[in-house]
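User: Please take a close look at a single part of this structure, the side of chain B that touches chain A. A connected account would be appreciated.

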2 protein chains.
Amino acid sequence: MTTAGARARERLSALSGDDRARAALSRLCEPDDVGLGQLVDRLGAEQVLAQIGSGELPSGRLAAYQARLTGLDPDAELERAAGFGARLVTPGSEEWPVMLDDLGPRRPLALWVTGSGDLAHLGGRAVAVVGARACTAYGEHVAAELAAGLGERGWTVVSGAAFGIDAAAHRGALAVDGGTVAVLACGADVVYPSAHARLLSAVRGAGVVVSELPPGCRPTKTRFLGRNRVIAALGRGTVVVEAALRSGAMNTAGHAADLSREVMAVPGPVTSPMSAGCHELVRGAAASLVTDAADVLDLVGDMGVDAGPLRRGEVRPHDGLDDLTMRVLDALPVRQRAGPASIARVAGLDAASVLRALAVLSVRGLADNAAGAWRRAPATGAKR
Amino acid sequence: MTTAGARARERLSALSGDDRARAALSRLCEPDDVGLGQLVDRLGAEQVLAQIGSGELPSGRLAAYQARLTGLDPDAELERAAGFGARLVTPGSEEWPVMLDDLGPRRPLALWVTGSGDLAHLGGRAVAVVGARACTAYGEHVAAELAAGLGERGWTVVSGAAFGIDAAAHRGALAVDGGTVAVLACGADVVYPSAHARLLSAVRGAGVVVSELPPGCRPTKTRFLGRNRVIAALGRGTVVVEAALRSGAMNTAGHAADLSREVMAVPGPVTSPMSAGCHELVRGAAASLVTDAADVLDLVGDMGVDAGPLRRGEVRPHDGLDDLTMRVLDALPVRQRAGPASIARVAGLDAASVLRALAVLSVRGLADNAAGAWRRAPATGAKR
């Protein structure tokens, strides 16, 4: 057994009865079981587990929970988790990310966590970056850039370790040694998709891989949908990088909105179906448009600390020129020089105004004077 | 002289004293001269013209106006205009587009109009489509598609006949025999840019080319900026297709906002500086995001007539399945069939619920039954 395994085993042996009951319950129910969550909040996990055993639980799903009691062995489960270095994190424990409590009775009963990061620490300043599996090269590029930008500013990137945008987001964060959290829709020990073995291992090295599903569980459609609420809850906001009109990323955005988290979407070509979901979110005012990490932190960052710079175009020599001076600049010939009187006629101004304006333009390097005859200084052509 | 020329000459000879005075004044002042506009509104154009001649006009720019009196000859001007088939359209005349009156004292003194279209008619259901000269192939494509979509729905496309987005917008409208209006920053007889001789001629064939500048005037920076307010005023809204952060298109958008017209922007790749202006407009809530003509008409169209369809993703067989049925679908094996009891255990549900769900899934063609053993019907894999 590895050192990490030994440490994990030690941690597991220190678990309370409530912790063990939560581990057992997460085997009996599916994620996002509101009814069970409410019962656990009211009666406590140990009591709920006991009432399932005794058939006393006041729940329409009692039979379903009981159907899974066969072979349930929390201690063997915890042993097995220790074997791959997983720790159990439950509400109230030190590593529990308090942001999940915003889910109310829909918060996970427990999380199985692997990786060197500290979930509570990582969760404080975190943004979810999600999107299509079948993304475009553009989306992949933007997701990685965005995640790297967040990582560089000390923010953690939360995503789902799926193909496409998710993977690009994790990789972007890892590339700048940023923190990252992968929330799985299967057991934290299951490598899914199997091509992401190395990615998941890299995420564990810099951050954490978490799941509310017990070890060994396979992903299903409802588990993916349930998982999305955890991704949304762990971030201060959710950025959708690319998404078709109906997609898991749109579902995650919906969870973020339900949680009153910031929903953000990255625009893309209107010709790309992979950006249609993003555009629809912005069009319907369900999401704010963001183009980079600075935009994201403008919305979710701490005032004064993370505020982005004001976007400005290039500064040009004729910036701040008043209306009359601009008209004189417009009236200046480009090649053949002209005297002030001629310029005044072209500009439709009196001579005194023209002389004042020429002085200003000369100082700015925009007008060129030779023996009282003027023309434009080179390279200041009229632009729209 | 052509027939059009003869008709134009006839029209011009029917002009009132006010019309002639407006024509003369537009030679003496620059476009968007608010002070002069106020005086004309108060005293009338003829009176203002007379007071410039007599030196009595209460304006700080009197000397400037007077400087241009030399060689002023409205009749020769009108003669010249008739020579290239232009008509003078003034406030109150039949072809005057009333939308320009929203500009108040900043409305043009008069418009010189060429082309077979009727400006008043074209202006009623019109949208301004503007953007960068140095646009990308993407922007050009989107502008043409958008304009064609507007044209197909009977809307007129207003733009500035510049290189890039403007030209693509006019061409898109022309391609579907839609109406289009080119507003120039030079005399309506001046071909600018000179490469657009054929484009301008095509616009005249299907719509109109207009300018508030008298014949022969050259474009200048301030004239471009002044011209943009006319483009914005002629449309019910302004769509910016591509624009750098500082650009004429952003200026036009500003005019549209000042006029309480709808401002719209087309998104594009965040990696493209040519979309940065559009994204900034949307980010700052100065513009609504639009992706096509339907989106535009959602915002500026007439309720019920132009409303676009609701955007939806593809309809899928498992749409509308309730939570429990979805869980049974998830629990169905793909290859090896399983009995209801086994499915119930995997799904975490009681046997009765599973049987009900299997019936629903079977009817929907999602579950496949052989001798009481079930599996998924082909091609309904678990998706996020």
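Analyst: In this model, 46 residues of chain B are in contact with 45 residues of chain A, two residues being in contact if their C-beta atoms, placed from the backbone, lie within 7 Å. The model is predicted, so local features need pLDDT of at least 70 and side-chain atom pairs count only at pLDDT 80 or more, while totals for chains, interfaces and linings use all residues. Residues are numbered from 1 along each chain as its sequence is written, and chains are lettered from A and ligands numbered from 1 in the order in which they are written.

The elements of chain B that give two or more residues to the side touching chain A are α5 (62-67), α8 (137-152), α11 (221-234), α13 (273-283), α15 (323-331) and α16 (340-347). Here helices (H or I, at least four residues) and strands (E, at least two) are DSSP runs, numbered from the N terminus. The most comes from α13(B), with 4 residues. By residue class, this side of chain B holds 20 nonpolar, 8 polar and 18 charged residues; Ala, Val, Leu, Ile, Met, Phe, Trp, Tyr, Cys and Pro count as nonpolar, Asp, Glu, Lys and Arg as charged, and the others, Gly among them, as polar.

Of the interface residues of chain B, 98% are also interface residues in chain A, so the copies meet through the same surface. A turn of 180° and a shift of 0.0 Å along the axis lay chain B on chain A with an RMSD of 0.1 Å. The two copies are therefore related as by a two-fold rotation axis. The superposition is by least squares on the C-alpha atoms of residues with pLDDT of at least 70 in both copies. Among the residues of chain B, Gly268(B) comes closest to that axis, at 2.3 Å (C-alpha).
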